[in-house]
Amino acid sequence: MNHLLDVLRRLRAPDGCPWDQEQTHASLRPYLLEEAAETVDAISKEDWAELPGELGDVLLQVAFHSVIAEEAGTFDYAQVEQSIVQKLIRRHPHIFGDVVVSGSDEVVSNWQAIKAQERGGKPRSAAERVPAALGALARETQAQKIAAFPAQEQSALEQAIHRATPDEHGVAEVLAAVVGWARSLGIDPELALRAHTGRTLDALSAASDGAEEA
């Protein structure tokens, strides 16, 4: 990690790379999302040969932001690392303390309670709990869980399609119903659609390659 940080400091130096010198926390946002998405793709494809490189790209983003903050005097990588280590220890009292849990559900419940304590007992709002940068289907999934909406059977989806108005609101209602249906099946709709889109693009690429060969 120190080697990676030193490389980035060299790139950001006055005689370093012009592109790297220009980057800010804000300008790097799309790259962080892109690298995380590509890592998810590698996992979904079970491409274990590709995964180390994709995880490295994510780690690069962590290091990049740390060096930018280091230059500004706001924080450094050591604080980033210390923050997550302390959080993991604090939120696993059943491992690093004397709390006893009966299963993973209680672990999650304790985690949420500890998070609330960290905020002085004030729970986060629904909007704060669901990142705006998540994909739309993923955000809807989280929103439905927070609202404790029951998962919907296929019949509910069919009803939503039947009563949908031919406009943006109608489309949104149907998509929300799709999310509810996916939840009833134990399927992550964001990952499912990503996989479907990937298969479509692969097929298009294969068809294009075949046409060129012909």
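**Entry 1: H65**

I began with H65, which counts as buried because its relative accessibility is 16%, under the 20% limit that I apply for that label. The model I am reading is a predicted one, and I keep that in mind for every value noted here. I located H65 in helix α4, which runs over residues 51-72. Setting aside the neighbours within four places in sequence, I found H65 in contact with H25, L28 and F75.

**Entry 2: the nonpolar core**

Which residues make up the largest nonpolar core? I listed eight: L5, L8, L28, A63, F64, V67, I68 and Y77. I then sorted this core by helix and noted that α1 (2-12) and α4 each supply at least two of its residues, while the largest share, four residues, comes from α4.

L28 is thus a name I have written twice, as a contact of H65 and as a member of the core. I looked up I68 as well, and with its neighbours within four places in sequence left aside, I68 is in contact with R12, Q23, T24, H25 and L28. H25 therefore appears in my notes both beside I68 and beside H65, the residue that counts as buried because of its 16% relative accessibility.

**Entry 3: α1 against α4**

For pairs of helices I recorded two quantities, since two packed helices are described by the angle between their axes and the distance between the axes. For α1 and α4 the packing angle is about 55° and the axes are 9 Å apart, and the two helices are therefore oblique to each other. I noted the crossing of α1 past α4 as right-handed.

On the α1 side of this contact I wrote down L4, L5, L8, R9 and R12, which meet L59, L60, A63, F64, V67, I68, E70 and E71 in α4. Sorted by class, the contact of α1 with α4 has nine nonpolar, no polar and four charged residues. Among the residues of this contact are L5, L8, A63, F64, V67 and I68, which I had already entered as members of the largest nonpolar core.

**Entry 4: α3 against α4**

How are α3 and α4 oriented, parallel or antiparallel? The axes of the two helices come within 9 Å and cross at roughly 160°, which makes α3 roughly antiparallel to α4, as angles over 145 degrees are classed that way. I noted a left-handed crossing for α3 and α4.

The contact is made on the α3 side by Y31, L32, E35, A36, E38, T39, A42 and I43, and on the α4 side by L51, E54, L55, D57, V58 and Q61. By class I counted eight nonpolar, two polar and four charged residues in the contact of α3 with α4.

**Entry 5: α9 against α11**

Further along the chain I looked up α9 and helix α11 (residues 168-184), which pack at an angle of about 70° with their axes 10 Å apart, and which are therefore roughly perpendicular to each other. α9 passes α11 in a right-handed crossing. From α9 the residues L137, E140, T141, Q144 and K145 meet A176, V179, G180 and R183 of α11, and by class this contact has three nonpolar, three polar and three charged residues.

**Entry 6: positive phi in two loops**

I next checked backbone angles and entered two residues with positive phi that are not glycine, E46 at about 55° and A148 near 60°. E46 lies in the loop between α3 (29-44) and α4, and I class E46 as exposed because its relative accessible area is 56%. A148 lies in the loop between α9 (136-146) and α10 (154-163), and A148 is likewise exposed, with a relative accessible area of 60%.

**Entry 7: two residues of α12**

Last, I looked up T200 and A195. T200 has its place in helix α12 (residues 189-213), and A195 has its place in that helix too. T200 counts as partly exposed at 37% relative accessibility, and A195 counts as partly exposed at 33%.

How far apart in space are A195 and D41, C-alpha to C-alpha? I entered 8.3 Å for this pair, although A195 and D41 are 154 residues apart in sequence. For T200 and A63, which are 137 residues apart in sequence, I entered 35 Å from C-alpha to C-alpha. A63 is one of the core residues of Entry 2.

Definitions and conventions: Residues numbered from 1 in each chain as written. Predicted model: local features only at pLDDT ≥ 70, side-chain atom pairs only at ≥ 80, totals over all residues. Heavy atoms only, no water. Buried < 20%, exposed > 50% of the residue type's maximum accessible area, 1.4 Å probe, protein only. Contact = heavy atoms within 4.5 Å. Axes fitted to C-alpha atoms, helices over the stretch in contact; angles between N-to-C directions. Parallel < 35°, antiparallel > 145°, perpendicular 65-115°, else oblique. Left-handed = near helix turned anticlockwise from the far one by under 90°. Nonpolar A, V, L, I, M, F, W, Y, C, P; charged D, E, K, R; others polar. Core = buried A, V, L, I, M, F, W, Y, C linked by side-chain atoms within 4.5 Å.
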